[in-house]
Amino acid sequence: MVRSMYSGVSGLRTHQTRMDVIGNNIANVNTYGFKASRATFRDIYYQTLQGATAPGKGQVSGGTNPNQVGYGVAVNTIDKLMTQSGFAFTDNPLDVAIDGEGFITLESPSGEKFYTRAGILDIDADGNLVDGNGNFVLGNNSVIEIDANAANKDDIIKTKQDDMIQNAQNADTQKINVLNGITITGADAGKDKVTMGDFKSISISKTGEIIGNLKKEIKAGPPPVFAEGIVKMGRISTSVFENPKALNEAGSNYFMESINSGVPKAVIPSLAAGGAIVSGALELSNVDLSKEFSDMITTQRGFQANSRIITVSDEMLQELVNLKR
């Protein structure tokens with residue numbers, strides 16, 4: 001009876017843990033980039049009342065099986081389900097989703113590295129590409145030279161060769177600043193710096209290129225000289241892991257590297273192992289509400305049954321205590 005009570009208590013604890021996991025999944029049903037978890041159980045140690053015996057020689061006697069009584073249940077694993085979900089299209093070009101494997105790499109002001117599937121990005125006044133918490137997005141910066149004295153207007157903007165296209169293994173992990181790589185020579189005083197207000201629009205390509213539509217007056221007229229056209233100001237790189245299920249969850253839609261996840265490998269979106277960038281979209285939570293509610297019912301019934309075991313065991317112990325009166 002005491003064993004059954006301990007088994008019932010262990011059942012209550014494990015079913016409560018499973019309900020906690022289910023509750024967290026349902027709470028995050030509308031959290032962009034959220035990956036659901038599941039709790040699995042295992043039986044725990046046993047008391048052997050009688051060991052097994054081997055059959056006797058000459059078929060004099062048969063073998064017997066062991067007699068064992070278990071002591072309940074425990075949580076086996078809490079797994080992350082890293083399956084990809086659908087996309088919600090937001091029409092904001094700086095919102096990005098990843099169609100395939102990989103994570104956007106972030107760095108906090110203190111130098112911590114985070115990885116996320118929730119690409120809610122923005123560009124601050126200094127040109128830094130950041131997420132909603134102000135952490136820096138990592139990738140590489142372009143080198144753009146603007147020559148105000150160019151004889152031909154088509155030669156005003158010069159972008160150096162994009163070596164990330166030429167060498168798919170070169171996915172740098174710098175803090176992306178879309179303005180730092182732009183220099184202007186021969187411009188009038190006060191017109192030698194590009195600001196965010198000089199871009200008519202900014203978008204992100206499937207390979208992570210940050211593309212700006214620039215129009216900047218760099219020399220007074222008449223006629224005035226404008227730097228005008230499409231410029232590639234940097235590229236978002238994504239990180240892939242050998243075992244993404246082993247990443248630590250850090251809250252705020254962030255994952256962190258663990259000793260079992262493998263070392264992150266920075267890759268170019270859609271050109272290597274990483275998935276393609278989808279601009280103007282966010283990845284939805286992969287929580288399946290129908291599954292969560294059915295699991296909630298079975299978990300509730302399991303909790304109810306284990307509580308009944310404790311009640312009945314307690315009643316039997318009470319009868320045993322009351323034998324002598």
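So, I144 first: its bridge partner in strand β15 is I182. By strand I mean a DSSP run of E with at least two residues, and helices are DSSP runs of H or I with at least four residues, both numbered from the N terminus. One thing to keep in mind is that this is a predicted model, where local features need pLDDT of at least 70, side-chain atom pairs count only at pLDDT 80 or more, and totals for chains, interfaces and linings use all residues. Residues are numbered from 1 along each chain as its sequence is written, and side-chain values use heavy atoms, with hydrogens and water left out.

Back to the strands. β12, residues 144-147, pairs with β15 in the parallel sense, over four bridges. Two strands pair if DSSP finds at least two bridges between them. On β13, the pairing with β12 is antiparallel and runs over three bridges, and there E145 sits opposite K158. Put together, that's an open sheet of three strands in the order β13-β12-β15, with mixed pairing. β13 (157-159) and β15 are at the edges with a single partner strand each, so each has one side without a neighbour in the sheet. On average, neighbouring strands here are turned by 20 degrees against each other, direction ignored.

Now, which side chains of β15 are buried, and which are not? I182 and I184 point to one face and are buried, while T183 and T185 point to the other face and aren't. Buried means under 20% relative accessible area, exposed means over 50%, and partly exposed is in between, with a 1.4 Å probe and protein chains only.

On to the helices. α1 covers residues 2-27, so that's the 26-residue one, and from first C-alpha to last it reaches 37 Å, close to the 38 Å expected at 1.5 Å a residue. The expected span is 1.5 Å times one less than the number of residues. α3 has 33 residues and reaches 48 Å, close to its expected 48 Å.

How do α1 and α3 pack? Their axes are 8 Å apart, at an angle of about 160 degrees. Axes here are lines fitted to C-alpha atoms, for helices over the stretch in contact, and angles run from 0 to 180 degrees between N-to-C directions. The two helices are therefore roughly antiparallel; that label is for angles over 145, with under 35 roughly parallel, 65 to 115 roughly perpendicular and the rest oblique.

What's tucked away in them? Buried residues of α1 include S7, G8, L12, H15 and V21. Among the elements covering the buried residues of α1 are β1 (37-43), β4 (73-80) and α3 (289-321). In α3, the buried residues include E292, D295, T299 and I310, and α1 is part of what covers the buried residues there.

Two single residues to finish. I268 is in the loop between β22 (265-267) and β23 (276-279), and counts as buried at 0% relative accessibility. The C-alpha atoms of I268 and R235 are 8.4 Å apart, with their positions 33 residues apart along the chain.

D99 lies in strand β6, residues 95-99, and is partly exposed at 42% relative accessible area. Leaving aside neighbours within four places in sequence, D99 is in contact with Q84, F87, G275, A276 and V278, where contact means heavy atoms within 4.5 Å.
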